[in-house]
Amino acid sequence: MTRMDGALPERSTKPPQPAQASTPAEFTAALRALRTWSGLTYRQLESRATAQSDVLPASTMATALGRATLPRERFVDAFTRACGLSEEEIGLWLQVLRRIGADESAPSCCEGGDDQDVSGGASGQARAPRRWRRAVGLVSAAGIGAVGALVVSSLVHDVSPPADPPAMPVTGLRMLAVGSWARIHPARTPELCVGEGRDRTGRYETAVAVQQPCAQSIGPQVFLEPVGQDLVQIQWHHHKHGIGCLTVMREGAARNLLEPRDDCADNNRAQQFRIEPFGPPAAAHFRIRPIVTGWCLSLRNQDTTVGAEVVQGRCSGAPDQDFLIDLTPPPPTTATGRSHDEAG
């Protein structure tokens, strides 16, 4: 995986304001808009938080911003600080959080830990020391679809509260506009999931996408993040290597394989996939097409065995180009803010 620096990009507009938010869903939409405004990836935000003695795991951010419940005060303090806001601006976000929290009885996001959890705490003054260290890389995730762009625009210009995210940014799949955790199964082998493995020919040594038993505990968590209508990036939240996204390799020993990379960008077509209904509408089957070629994902040599590589090839309608996608709950977190899979 490649490295990305944590430099703060130049900004030409004022940061989004939370004052218009009146519900937990609107507040988390404002946080997503703030992340888009910052221009920073989860990995960069995590690095900046660490430099400020905050604990802000990338997986915690993805989980918190993907829910419609209120995050905890400590999370908002660390997140807004990492985005580059001033103490005065951070105070405004915390005031709005407290106001909505007083009006709502909804449970807080990312619960499951004690006061060491980055998403918990009652004060922005006392921030926990960093307890979680790993090399993390991540995809930049600015795009949240056309409707999401309107939400960002309204927040930046402080005009009106954002609308709730649309239910289906991907046709036939009830995922959030900000993305959802998921499992991707080859339809012929539903007990297997797209996960991490190696090229069985031995010509390419880096991790690639293969089909593995879904119960394999060390595999990466999959997060689908919309970058347009029916377009997603396929992120891997890995217990060792952090967060990256699947990239179609087009030359060399890895040609047509999918490699997880952390040098992702929302405009990199090799990291964008169109998800299309496949077969009868009631079947809830899909084919996944890399934008860069317009081909389809399939299994090498139509193999059904464990370890078979996921590859791109010309769309033929063959059974190995048929996939199932199950949306799953966010992974549970430990007291340190790591998911249970990451903590293992």
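Which side chain makes a polar contact with the side chain of E225? Keep that in mind while we take a look around. What you have in front of you is a predicted model. Its secondary structure comes to seven helices and 12 strands. Of the 344 residues in the protein, 55% are buried. Now take the contacts with a separation of 6 or more: residues 24 or more positions apart account for 67% of them. The accessible surface comes to about 14400 Å², and carbon and sulfur atoms hold 50% of that.

Let's start with the helices. Find α1, residues 24-38. This helix has 15 residues and reaches 21 Å from its first C-alpha to its last, close to the 21 Å you'd expect at 1.5 Å a residue. Is α1 enclosed or open? Well, 14 of its 15 residues are buried, so α1 is largely enclosed by the rest of the structure. Just after this helix comes G39, which takes a positive phi of about 75°.

Now for the nonpolar cores. In soluble globular proteins, nonpolar side chains tend to be buried together. Here, the largest nonpolar core has 33 residues, and F27, F75 and F79 are the ones with the most contacts inside it. Five helices, α1, α2, α3, α4 and α5, each supply at least two residues of this core. The largest share, six residues, comes from α5. Want to zoom in on one member? Leaving aside residues up to four places away in sequence, F79 touches L31, L34, R35, L45, L56, M61 and L65. Apart from this core lies another one, made of 25 residues, among them M175, W236, V310 and F323.

Next, the strands. Strand β8 (residues 273-277) is a handy place to stand, with a partner in β5 and another in β9. With β5 (residues 231-238), β8 pairs in the antiparallel sense over two bridges. With β9 (residues 286-290), the pairing is again antiparallel, this time over five bridges. You can follow both pairings through F273: V232 stands opposite F273, and F273 also stands opposite P290 in β9.

And now back to where we began. E225 lies in strand β4, residues 221-228. Is E225 buried or exposed? Its relative accessible area is 2%, and the cut-off for buried is under 20%, so E225 counts as buried. The side chain it makes a polar contact with is that of Q235, at 2.5 Å.

Technical notes
Residues numbered from 1 in each chain as written. Predicted model: local features only at pLDDT ≥ 70, side-chain atom pairs only at ≥ 80, totals over all residues. Heavy atoms only, no water. Helix = DSSP H or I, 4+ residues; strand = E, 2+ residues; numbered from the N terminus. Buried < 20%, exposed > 50% of the residue type's maximum accessible area, 1.4 Å probe, protein only. Contact = heavy atoms within 4.5 Å. Areas by Shrake-Rupley, 256 points an atom, 1.4 Å probe, with all protein chains shown as cover. Polar contact = N/O pair within 3.5 Å; in protein donor to acceptor, adjacent residues only side chain to side chain. Core = buried A, V, L, I, M, F, W, Y, C linked by side-chain atoms within 4.5 Å. Expected span 1.5 Å × (residues − 1). Pairing = 2+ DSSP bridges.
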